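Here is an informal walk through one model, taken a piece at a time. Keep the structure open alongside and follow the residue numbers as they come up.

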Amino acid sequence: MSIIVTPLSDALGAAVTGIDLSQPVNEQTLSDIKQAWYEHVILVFPNQDISDEEQENFCLNFGELERVRTIDAGSETPHVMMITNVKELDKPTALPDGEMMFHYDQCYYEQPCMGATLYAIEIPDVGGNTLFANCTKAYEALSHDWKQRLDGLRALNYYDYGLTPTMRPEEMNPDVPQWTHPVVRTHSETGRKAIYVSRLMSMRIEGLPEEESNEILNFLFDQMEKPEYIYEHVWSKGDLMMWDNRCSVHARTHFSPNARRMMRRVTVRDPKPVAA
Ligand SMILES: [Fe+2]
């Protein structure tokens, strides 16, 4: 049986049906999924019913699993992170309530993950949607002059989990994870370039006066967040979402702190370094 790939928007995203992710994926199907992933950047597999282990097994088709870096080495489920506001769980959890600005996951580390999967277990009736932006299209639409101006630039990426996810910090804490990456990144599989900064986590461009750094960053944030590059996903229970963390940013819309939202995340390591 072959999969059916249905685009979700002009910006990015496709729904993949005709597959049960609780079962092993054969070679031809995996090749079709990878092709769809590179073309559409994010894939959603609706109506799935999968365990922790089945989600891990699906991710293993794409590479090694990334350990959750913020938890104890002795965890029994070192690759599973619950993204939830539900407190009474026996697994590591993350993320504050409500809205979160656009970001790349783990871009404040030397080696951010290649991609991530998020499985919807409980969702609020309203809000808590995830917006994805296609940073390849946002880059390719830039003028020749802008592309030249960005060539060779590097930005410092930083995120302090103790601060609000809707505001850039005034001052940076040297103890918080941070790493400098190229402002424009080349995808290791497709060879296409993407804008590799984000409003939540990119603080400044190396070696430039503050004013010029801010001018460039704000221009890029506005460029990548234009409506024509964005798809907003309204979750349904049983959705398994998979995004390419090398060329797309994501953000979350507000939801009531009284509503339960529970997602299970498993991420895939990127064996290749971030390259301009
Ligand atoms: Fe994220």
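## A three-stranded sheet

An open sheet is built from three strands in the order 10-9-13, and the pairing is antiparallel. Strand 10 (178–182) and strand 13 sit at its edges with a single partner strand each, so one side of each has no neighbour in the sheet. From one strand to the next, the twist averages 30°. Keep in mind throughout that this is a predicted model.

Strand 9 (residues 154–158) pairs with strand 10 in the antiparallel sense, over five bridges. To find the register, look at arginine 154: its bridge partner in strand 10 is proline 182.

## Helix 5 and what it packs against

Helix 5 covers residues 210–224, 15 residues in total. From first C-alpha to last it reaches 21 Å, close to the 21 Å expected at 1.5 Å a residue.

Which residues of helix 5 are buried? They are Ile216, Leu217, Leu220 and Met224. These cover an arc of only 95° around the axis, which puts them on the same side of helix 5. Turn to the face directed away from that buried side and you meet the exposed residues Glu211, Asn218 and Asp222.

The buried residues of helix 5 have plenty to pack against: strand 8 (130–134), helix 3 (135–140), strand 12 (193–195), strand 13 (202–205) and strand 16 (248–252). Strand 13 is thus both an edge of the open sheet and part of the packing surroundings of helix 5.

Met224 deserves a second look. Leaving aside neighbours within four places in sequence, methionine 224 is in contact with Ala133, Cys135, Ala138, Ile195, Tyr229 and Val249. The largest nonpolar core has 65 residues, and Met224 is among those that touch the most other members, along with Ile42, Ala133, Cys135, Ile195 and Tyr196. As a general backdrop, nonpolar side chains in soluble globular proteins tend to be buried together.

## Strand 7, between two partners

Six of the eight residues of strand 7 (residues 115–122) are buried, so the strand is largely enclosed by the rest of the structure. Strand 7 pairs with strand 15 (residues 240–244) in the antiparallel sense over five bridges, and leucine 118 stands opposite methionine 241 in strand 15. With strand 17 (residues 262–268), strand 7 pairs in the antiparallel sense over seven bridges; there, methionine 262 is the bridge partner of glutamate 122.

Helix 2 comes into the picture here too. The buried residues of helix 2 are Gln55, Phe58 and Cys59. They cover an arc of only 100° around the axis, which puts them on the same side of helix 2. Strand 7 and strand 17 are included in what covers those buried residues.

## Two aromatics worth clicking on

Phenylalanine 132 lies in strand 8, and tryptophan 37 is found in helix 1. Phenylalanine 132 counts as buried because it has 25 C-beta neighbours inside 10 Å; tryptophan 37 counts as buried with 21.

Here is how each sits relative to a residue from elsewhere in the sequence.

| Residue pair | Separation in sequence | C-alpha to C-alpha distance |
|---|---|---|
| Phenylalanine 132 and phenylalanine 102 | 30 residues | 8.2 Å |
| Tryptophan 37 and alanine 14 | 23 residues | 8.3 Å |

Beyond neighbours within four places in sequence, phenylalanine 132 is in contact with Leu12, Gly13, Ile42, Ile230, Tyr231, His233, Trp243, Ser248 and His250. On that basis, tryptophan 37 is in contact with Leu43, Met242 and Asp244.

## Two positive phi values

Most residues other than glycine have a negative phi, which makes the next pair worth checking. Valine 41 has a phi near 75°, a positive value in a residue other than glycine. Asparagine 47 is not a glycine either, and its phi is positive at about 55°.

Where are they found? Valine 41 is in the loop between helix 1 (27–40) and strand 3 (42–45), while asparagine 47 is in the loop between strand 3 and helix 2 (52–59). Buried or exposed? Valine 41 counts as buried because it has 29 C-beta neighbours inside 10 Å, whereas asparagine 47, with 12, counts as exposed.

Key. Residues are numbered from 1 along each chain as its sequence is written. This is a predicted model: local features need pLDDT of at least 70, side-chain atom pairs count only at pLDDT 80 or more; totals for chains, interfaces and linings use all residues. Helices (H or I, at least four residues) and strands (E, at least two) are DSSP runs, numbered from the N terminus. The expected span of a helix is 1.5 Å times one less than its number of residues. A residue is buried if 20 or more other C-beta atoms lie within 10 Å of its own, exposed if 12 or fewer, and partly exposed in between; C-beta atoms are placed from the backbone. The arc is that of the directions from the helix axis to the C-beta atoms. Two residues are in contact if their C-beta atoms, placed from the backbone, lie within 7 Å. A nonpolar core is a set of buried Ala, Val, Leu, Ile, Met, Phe, Trp, Tyr and Cys residues joined through C-beta atoms within 7 Å. Two strands pair if DSSP finds at least two bridges between them. Axes are lines fitted to C-alpha atoms, for helices over the stretch in contact, and angles run from 0 to 180 degrees between N-to-C directions.
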